[in-house]
Amino acid sequence: LVFEWGIEDWFDRIYVLRVTPQRADDRVAASRGVTPQDVAQRRRAQIPPDAIDDARVRPIDNDGSLDDLRAQAVQAWNELCRQTSPA
């Protein structure tokens, strides 16, 4: 919603989860009990990730397992901590 609301200038860095549309649709349909058509409609209402061209954006791949996602989140957190720690 950062880009939909136009508040991207509020942030130094923005993390965006990226996932193939089919995998995203399957996950949302399974976890929320909605139809694939409802999921597709929701996705069309969002800004496509490829349309975001901002140097502050850091993509995190969400096509793998939960453990894969967790490892990337830890890596992102460690990067943030290194960059904000006093020298």
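How many helices and strands does the chain have? Count along the predicted model and you'll get 4 helices and 2 strands. The legends below start with the whole chain and then zoom in.

**Figure 1. The whole chain, from one end to the other.** Follow the sequence and you'll meet the helices and strands in the pattern α-β-α-α-β-α. The radius of gyration is 15 Å, well over the 12 Å that the globule rule gives for 87 residues, so the chain is more spread out than a compact globule. If you like box dimensions, the C-alpha trace spans about 50 × 30 × 20 Å along its principal axes. Of the 87 residues, 20% count as buried. And what about contacts between residues at least 6 apart in sequence? Of these, 68% join residues at least 24 apart.

**Figure 2. Helix 2 meets helix 3.** Here you're looking at helix 2, residues 21–32, and helix 3, residues 36–44. Their axes come within 9 Å and cross at roughly 120°. That angle makes helix 2 oblique to helix 3. As for handedness, the crossing is right-handed. On the helix 2 side, the contact is made by Pro 21, Asp 25, Val 28, Ala 29 and Arg 32. Helix 3 brings Val 39, Arg 42 and Arg 43 to the contact. Sort these residues by type and you get 4 nonpolar, no polar and 4 charged.

**Figure 3. A close look at Asp 25.** This residue sits in helix 2. Is Asp 25 buried or exposed? Its relative accessible area is 12%, and buried means under 20%, so Asp 25 is buried. Skip the neighbours within four places in sequence, and Asp 25 is in contact with Val 39 and Arg 43. Both of those partners also appear in the list of helix 3 residues that make the contact with helix 2.

**Figure 4. Val 39, seen from helix 3.** Now hop across to Val 39, which lies in helix 3. With a relative accessibility of 5%, Val 39 counts as buried too. Which residues does Val 39 touch, not counting those up to four places away in sequence? They are Asp 25, Val 28, Ala 29 and Val 34. You've already met Asp 25, Val 28 and Ala 29 as helix 2 residues in the contact with helix 3.

**Figure 5. From Val 39 to Gln 72.** For this last view, pick out Val 39 and Gln 72, which are 33 residues apart in sequence. In space, the two are 26 Å apart, going from C-alpha to C-alpha.

Note on methods. Residues are numbered from 1 along each chain as its sequence is written. This is a predicted model: local features need pLDDT of at least 70, side-chain atom pairs count only at pLDDT 80 or more; totals for chains, interfaces and linings use all residues. Side-chain values use heavy atoms; hydrogens and water are left out. Buried means under 20% relative accessible area, exposed over 50%, partly exposed in between (1.4 Å probe, protein chains only). Contact means heavy atoms within 4.5 Å. Axes are lines fitted to C-alpha atoms, for helices over the stretch in contact, and angles run from 0 to 180 degrees between N-to-C directions. Angles under 35 degrees count as roughly parallel, over 145 as roughly antiparallel, 65 to 115 as roughly perpendicular and the rest as oblique. A crossing is left-handed if the near helix is turned anticlockwise from the far one by less than a right angle, and right-handed if clockwise. Ala, Val, Leu, Ile, Met, Phe, Trp, Tyr, Cys and Pro count as nonpolar, Asp, Glu, Lys and Arg as charged, and the others, Gly among them, as polar. The radius of gyration is taken over C-alpha atoms; the globule rule is 2.2 Å times the number of residues to the power 0.38.
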